[in-house]
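Thanks, everyone; I would like to take a few minutes on how the strands pair in this chain. Please have the sequence and the structure open while I talk.

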Amino acid sequence: MNIMKKLSLIIAMAVLTAISSWAEFVTIDGIQYSLSYTTCNLMNGTKTSGDVVIPEKVTYNGKEYVVEGIWDEAFRDNTKITSLTVQGNSLTTIGEYAFSKCTSLKKVNLPQSVRRIEKRAFEHCGLESFDMPPVTYLEEGLLYYCESLKSVTLSPTIKTLPTNTVYGCHSLTQLVIPEGIETLATASVNYCNSLTTVQLPSTLTTIENNVMYNCFAIEHINLPSSLRTIGENFMRENNLKSLTIPEGLTTLGTYGFSENKAMESLSLPNSLRNIGDRSFYRFNALKKIYVNANTRLSSWGYMFSGADIFTIQLYVPKNLLDSYKEEDNNFWYRFRHIYAIVPCDVNGDETCDISDVSTCIDMVTGTGAHAYDYSADVNHDTIIDISDINAITNKLLGK
């Protein structure tokens, strides 16, 4: 045996000796723990079944040990556990894949002391609900393919919702992203095809790639004014009936809102200058586009590929009308119907008069078959209601 091998063996034996001097492995009520001084970690619970309760403390040889962590893969592939309750307020860490593929696990009750949940801790579980403790460290894939999940409460103590947090949760219908979260990481919410309602926080600035891709049951979404960047494939394959892109958004990625079959009206804010290719691909029902940029917006031939640009009405600032009609390396001139934006011109006749009040009344009362229309949202609150009628009236009266 050479010197290096001897040295490695000596180091390994020293490490094992050190571990054995402070850690002891015991099984209590069918669960294996690693004991160390006054604390312990749950190592293995794969032989448990039914409703499992993890105590705040365990006793061994007359000495109490506080349970502070659940180790990696501790319950992995346990298909017999149906619920989990952690007593007390001492548990701080849940390791990666700790409950992975616990397909019969319907309910978990975690203490508020948990601060760290590692990679895919509850992936492929049978959870029907999940209340996240105030964690400060959360890794990706928390609820990946929890297909029975119906409700989830996220924590505002994290700044970023990690990748695959809510992915493939086909029973989830509502999702509230709490105030405090600034970034939705790539695919953090994805393939939730029963999701109808999503509430985004006023603190959100960045949506990365593939967020809400194939969440096609969502018909309305309010994007906060804090939002600055939307990545690729956001809400791709959607059925949005209305969309207000807030002033302040600067970047929209490739295929950003592509493959929509329901939206008739679209408004692009002045701040939006970086628009990816095919961002509005296959907007088959689109009838009106409002471009509010104070300089002619750069365009690509496939931005509105699939939409009928020969019948769509394009509205631009009055001082840019001629620029949009020029054929100088300009995609926009291909639109056959280009008009100047006239404030409160609800009926599209390029004037604001009493007939626009009547049209807006029809929208509010439902006697006119109109979906959300940017031109009728005179006060820009994303809702067409009595306040818009009042706003048009005040403009006509010079107020």
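Let me begin at one bridge, where I70 stands opposite I94 in β8. This is a predicted model, in which local features need pLDDT of at least 70 and side-chain atom pairs count only at pLDDT 80 or more, while totals for chains, interfaces and linings use all residues. Residues are numbered from 1 along each chain as its sequence is written, and side-chain values use heavy atoms, with hydrogens and water left out.

When I say strand, I mean a DSSP run of E with at least two residues, numbered from the N terminus, and two strands pair if DSSP finds at least two bridges between them. β8 covers residues 93-94 and is joined to β6 in the parallel sense by two bridges.

I70 is also the bridge partner of L42, and that contact belongs to the parallel pairing of β3 (residues 39-44) with β6 (residues 63-70), which has four bridges. With β5 (residues 57-60), β6 pairs in the antiparallel sense, over four bridges; there Y60 is matched with K63. These two strands form a hairpin with two residues between them, and N61 in the turn has a positive phi of about 50 degrees.

Further along, four strands make an open, parallel sheet in the order β23-β25-β26-β27. Its edge strands, each pairing on one side only, are β23 (265-268) and β27 (337-340). Within this sheet, β26 (residues 313-316) pairs with β27 in the parallel sense through four bridges, and Y315 stands opposite Y339 in β27.
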